[in-house]
Amino acid sequence: MILVTGISGALGGLVHRGLSTLDDLTVAAGSHSGDDITTRRIDFDDPATLSAGLRDVDVLVLISAGYAEDDVVLARHGAVIDAASAAGVRHVIYTGLAGSGDLTTIALPHRWTEKRLAAAPFDATVLRNGLYAEVPVGLAVAGAASTAESGVFAAAFGTGRISVVAREDLAEVAVRVAAESERDLAAGRPSRHAGKVYELEGVTAIGGPDIAEILSESLRRPV
């Protein structure tokens with residue numbers, strides 16, 4: 001069985017829906033608000049829910065606990081890893097942070113989690129996800145009104161550019177890795193993705209001038 005955590009979030013929901021379309025797999029959903037009927041209750045802040053929530057799970061797709069203080073995220077991820085070890089989970093797939101994000105404020109808990117997974121008794125795969133495309137899009141949308149008036153798009157890009165990736169593409173990778181891992185285990189062989197770290201970033205970097213150009217087209221005025 002495959003269990004996907006965080007299905008109430010955008011990425012977790014996409015991964016769960018993708019896996020649920022595959023007829024040869026048994027897929028369960030996990031959420032902190034689960035009712036234990038249609039969705040298992042997997043509350044990272046309540047370790048007591050994890051033992052029951054991870055029963056009979058072979059492959060766990062661990063969606064990162066989200067934005068919080070480092071100590072909170074470390075406690076959440078540590079609790080899930082401990083529970084997965086105790087429950088006999090055979091393979092954990094973790095959605096983390098791309099290597100290009102090492103200097104960001106959210107990198108520490110992701111790298112700590114990778115080390116904990118490497119030391120755990122189960123196999124693990126790390127999906128290092130790049131920055132969601134919605135981030136620069138959100139900046140553009142948020143600034144559209146003032147840009148329309150002033151003709152200037154202002155954001156903290158400087159002369160830098162960032163590589164972004166569609167959340168749907170990241171979900172597609174997670175679905176493939178989870179499905180192939182479950183099928184490998186069912187066939188009595190180790191997952192072909194065991195011990196792998198995949199860097200998942202977009203192939204095109206964008207910066208402030210690119211967003212300004214798009215706004216120029218949509219607003220029909222120079223930006």
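1. A residue counts as buried here when its relative accessible area is under 20%. By that cut-off, strand 6 (residues 123–129) is mostly covered, with six of its seven residues buried. The model is a predicted one.

2. On one side, strand 6 pairs with strand 5 (residues 91–97): the two run parallel and are joined by seven bridges. Within this pairing, V92 stands opposite A124 of strand 6. The connection between the two strands passes through helix 4 (residues 107–119), and the resulting β-α-β crossover is right-handed.

3. Strand 6 also pairs with strand 9 (residues 197–200), again in parallel, through four bridges. One of the residue pairs to inspect is N129 with L200, its bridge partner in strand 9.

4. A further sheet is open and has three strands in the order 7-8-10, with mixed pairing. Strand 7 (131–132) and strand 10 (205–207) are its edge strands; each has a single partner strand, so one side of each is left without a neighbour in the sheet.

5. Which way do strand 8 (residues 161–165) and strand 10 run, and how many bridges join them? The two are antiparallel, and three bridges join them. S163 stands opposite A205, a residue of strand 10.

6. As general background, strands of a sheet pair through backbone hydrogen bonds, in either a parallel or an antiparallel manner. Here, strand 6 runs parallel to strand 5 and to strand 9, whereas strands 8 and 10 run antiparallel.

Notes
Residues are numbered from 1 along each chain as its sequence is written. This is a predicted model: local features need pLDDT of at least 70, side-chain atom pairs count only at pLDDT 80 or more; totals for chains, interfaces and linings use all residues. Side-chain values use heavy atoms; hydrogens and water are left out. Two strands pair if DSSP finds at least two bridges between them. Buried means under 20% relative accessible area, exposed over 50%, partly exposed in between (1.4 Å probe, protein chains only). A crossover is right-handed if, with the strands pointing away from the viewer, the path from the first strand over the helix to the second runs clockwise.
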